[in-house]
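Work through the exercises below with the sequence and the model side by side. Try each task before reading its solution.

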Amino acid sequence: MRHSLRIIAYLSFLLITSMVLFSCGEKNNMLADEDKNLSYEVLDRVMQEEEQWVKVHAAEYKLQVGLPEGVYDTFLKQLALHENQAPYRIGIWRVLAKSAPKEAERQQYIDKIIAVFNDTEASDRIHAAETLAKLGVPVSTLAKATTDKILKGEKGSLWVYTLWASMQGKEKSNNPMLEALMSGIEDEIPRLQAAYALKMEGNIPEERWESLATMALDEPSSSIAKIHLLTAAYYWAGPEHQKSESYKKIEDIIFALQQSDNKGDRMALALTIAHKGDWSHHSILLEYLRNDNPIGTEINAETKASNADVMATAAFALLHMEQTTHQLSTIDWAIVLIYMLGMMIIGYIFSKKNKNEKDFLLGGGKMNPIAVGLSLFATLLSSLSYLSYPGEMIKYGPVIFSGVLAFPLIYYIVGWFLIPRFMKLKVTSAYEILEINLGVSIRLLATFLFLSLRFLWMGTIIFITVNTAIISIFGFEDTTSNILWISIILIGVTIIYTTMGGLKAVVFTDVIQSCVLLGGALLTIVLISVYFGSATSWIPTHWLDHWGEYKWGIDARERLSIGNALLMTVIWYVASSGSDQMSIQRFLATENIQTARKTFAVSLITSFVAQFLLGLVGLAVLAYFLDNPQFLATGESVSTHADILFPKFILVGLPIGISGLVAAGILAAAMSSLSSGLSATSSVISEDLFKRFSRKSKPEKIDQLKRIRILSLFVGIFTLALSLLISRVEGNLYDVVVKVVNLFVSPLFVLFFMALFIPFATARGVLIGGLISIAMAIAVAFFKFLGIEVLFITPASLFSGIVAGVVFSYIDHKFLGNQETMQKRSEKIIGK
């Protein structure tokens, strides 16, 4: 066995080393200094010297790549010269609104644009509607009457841009512009404008992409809308679409426009290359930047302006790609590599200390409570939390973090009502408690729920860690084969040190990983504080618009409120601590009730610190990207791409070496939880299934230990396969975590609550209560039953399960003659 583990470790080392070499070989695709300087020069010269709208485009490009110098002053001069010239005044106001140093000044120019939009006599009303859309101004709120009236009218240019502007400030799951195009915008110019808006806004559902691609390919070649329909389909194609014949045809058509004499075609191609971040086509951008093949055979005012527009667009594309294409350095990779090898070495060291099954599963039963508490914290605060908490703060604000106010109540409930009952029964599997009180059927139901919960949990950890963090941080292409190999490495390294070292190795590595995780979060906050000049300047002074309205009470139909956050936090922690083998296993690994309480207290305190830090990380990263929008790719914003901003900051904002450390922190959080999951699920399968259904003859202890290690290996393989299916779950990162990971938390605790606290509980009554709780959880998560929001899964399923369990147990005992209640069975078995 040890020889096999060494072979696995060696193969893992080769795989990781090949990843390092592969990444290092792709690192030299950045912009040369002379081309970077030329790009700066072109943008500045075009903004200063060219005609009006070309000047506007260059100024906006400068702002997008973080070069605001001279923009505001230049357009203040333009305002003095052309303030009453329509439509150019709209362009001037747009640039001034984007570059204004103060919010009051920005609002002043937005108000001017809204006034034109409301003016039915204004000749540049269409330009005003377009600009409001580009500025993200919610016209449905600020100009509701005008917006409603226009959208009820004819589908012309004003209608198209107003529809686009009406989408701003709203949660976007689809793009109504696609439906508008398909339902019949026939006029050429409005169709062009709708296609452009569709491309810029995105939000095209995966199932509608093929319809968009077909429409783009079927669009007549003479149509001026065709290029924007093609690039819209090319922009927003998902990984599964990029293998289709339609995608390949679209790509061929777009890149065939390289030598087109139409400036719109060349600009669209340049922006498409920038959006994709594809350095293999940067020679096209350099050709445009240097004007090596100019538009037109004659030099006149029109061709000069067209070529300047193309040159500025190419300059922007190159600078944008240079800013948004970041990769880990060799030093960063070395840190990650050393960390993962260190985990395997720790597992090998502790493997020599495991003499029997109890050593492997419970660490001998006398482990340090502080170390076990840190391990429990690291288990519960997985990479899912590490990635989703900052994203939740960025997207919805600090409401979810108000739940930490309930920690004292949670400590009291778990420490004085649950832990004493668990410690009284010296068991290896938590679900032995259910058999003692309610019989085999309830223990088997609990085993099924726990295994389902933890398999889904571990699968989600692998999926989200790989797809959200590793793919973006480590610079791999988002392909199925890459995702599979990275997932294999992640789960493989975890299996190695878990199957070798058992719970002792899990706890020891969890302590290390807790420090790395918290250190990475703290370091991010410190560096952003240094960037802004103080530790408080990045904290918002007001409630941000995209956070939505906050509410205080408890309402199952609201996504989040203060009351909901408190209730969900209490239920989740109590249910997890009172029914999850991973929590109960750690309580049982301590000497007595007092040390078990200390373990839980350490876990709660560390969780509080971690959640507080991760909340601050979210605010800090939000401030950083609001101040540096140039680091966001085309179509990305802080609200629509909140989940990826923390991983993106690791590449963009951290220095060499530190990026590797924080990347290791994310791997640490994932492996910490996976190792605990492997250990806990393996012990449950061994204790609750194999021992129960195996032959009565007892094998040697060493065989038991080998069996558990082999179980951990197969659990890891099954989890890896399951992770590939998680991508089908809809919703943002936090919603996916809640739907999948929290699905069976409350149903499992319903069984323990009935077994521990309801004296007349019967097996049949508890079984019905558990099944009803499962049904409620599934109905809320995937069908939004009774309009209950997905984040209310745990309270809804817990209350429904307990009520059903109590009612049916009472009926079963009182009216159906079932005398085998929990109380009588417990007295008979334990001898109370």
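**Exercise 1. Salt bridges**

Task: Count the salt bridges, then place three pairs and one network.

Solution. The model is predicted. It holds 16 salt bridges.

Step 1. Start with E130 and K134. Their side chains meet in a salt bridge, 3.0 Å from N to O. Both residues belong to helix α7 (residues 125-135) and sit four residues apart, about one turn of the helix. An α-helix has 3.6 residues a turn, so residues three or four places apart point the same way. Next, check the burial of each partner. E130 has 13% relative accessibility, so it counts as buried, being under the 20% cut-off. K134 has 28%, so it counts as partly exposed.

Step 2. Go to K144 and D148. The closest N and O atoms of this salt bridge are 2.8 Å apart. The two residues are four apart in helix α9 (residues 144-151), so about one helical turn separates them. D148 is partly exposed, with a relative accessible area of 32%.

Step 3. Now take E435 and R443. Their salt bridge has its closest N and O atoms 2.7 Å apart. E435 is buried, at 18% relative accessible area. R443 is buried too, at 5%.

Step 4. Finish with the network. Salt bridges link E60, R94 and K98.

**Exercise 2. Aromatic rings**

Task: Classify the pair F422 and F752, and say why it ties together separate parts of the chain.

Solution. Step 1. Begin with the total: the structure holds 23 aromatic pairs.

Step 2. Use the geometry. The ring centres of F422 and F752 are 6.4 Å apart and the planes stand at 80°, so the pair is edge-to-face. The angle passes the cut-off, which is over 60 degrees for edge-to-face.

Step 3. Locate the partners. F422 is in helix α23 (residues 407-424) and F752 is in helix α34 (residues 745-757), so the pair ties together parts that lie 330 residues apart in sequence.

Step 4. Check accessibility. F422 is at 0% and counts as buried. F752 is also buried, with a relative accessible area of 0%.

Step 5. Look for a cluster. F407, W572, Y573, F608 and F612 form one.

Step 6. Add the charges that sit over rings. The charged end of K199 is over the ring of Y235, 5.7 Å from its centre. R597 lies over the face of W416, at 4.0 Å from the ring centre.

**Exercise 3. Two residues inside helices**

Task: Is T524 buried or exposed, and which residues does it touch? Then do the same for P190.

Solution. Step 1. T524 is in helix α26 (residues 480-532). Its relative accessible area is 0%, so it is buried. Leaving out residues up to four places away in sequence, T524 touches V617, V621, F646 and F649.

Step 2. P190 is in helix α12 (residues 188-201). It is buried, with a relative accessible area of 7%. Beyond its neighbours within four places in sequence, P190 contacts K155, G156, S157, V160 and I185.

Step 3. Take V160 from that list. It is 30 residues from P190 along the chain, yet the two C-alpha atoms are separated by 6.6 Å.

**Exercise 4. One helix from end to end**

Task: How does the reach of helix α35 relate to the expected value, and which of its residues are buried?

Solution. Step 1. Helix α35 covers residues 763-783, which is 21 residues. From first C-alpha to last, α35 reaches 29 Å, close to the 30 Å expected at 1.5 Å a residue.

Step 2. List the buried residues. They are G765, V766, G769, G770, S773, I774, M776, A777, A779, V780 and A781.

Step 3. Look just past the end. K784 follows α35, and its phi is positive, near 50°.

**Exercise 5. The whole chain**

Task: Describe the chain by its helices, burial, contacts and exposed surface.

Solution. Step 1. The chain has 37 helices and zero strands.

Step 2. Of its 832 residues, 59% are buried.

Step 3. Consider contacts between residues at least 6 apart in sequence. Among these, 78% join residues at least 24 apart.

Step 4. The chain exposes about 33,900 Å², and carbon and sulfur atoms supply 60% of that area.

Definitions and conventions. Residues are numbered from 1 along each chain as its sequence is written. This is a predicted model: local features need pLDDT of at least 70, side-chain atom pairs count only at pLDDT 80 or more; totals for chains, interfaces and linings use all residues. Side-chain values use heavy atoms; hydrogens and water are left out. The expected span of a helix is 1.5 Å times one less than its number of residues. Buried means under 20% relative accessible area, exposed over 50%, partly exposed in between (1.4 Å probe, protein chains only). Contact means heavy atoms within 4.5 Å. Rings of Phe, Tyr and Trp (its six-membered ring) pair if their centres lie within 6.5 Å; planes under 30 degrees apart count as stacked, over 60 as edge-to-face and the rest as tilted. A charge sits over a ring if NZ of Lys or CZ of Arg is within 6 Å of the ring centre and within 35 degrees of the ring normal. Accessible areas come from the Shrake-Rupley method with a 1.4 Å probe; for residues, only the protein chains shown count as cover. A salt bridge is a side-chain nitrogen of Lys or Arg within 4 Å of a carboxyl oxygen of Asp or Glu.
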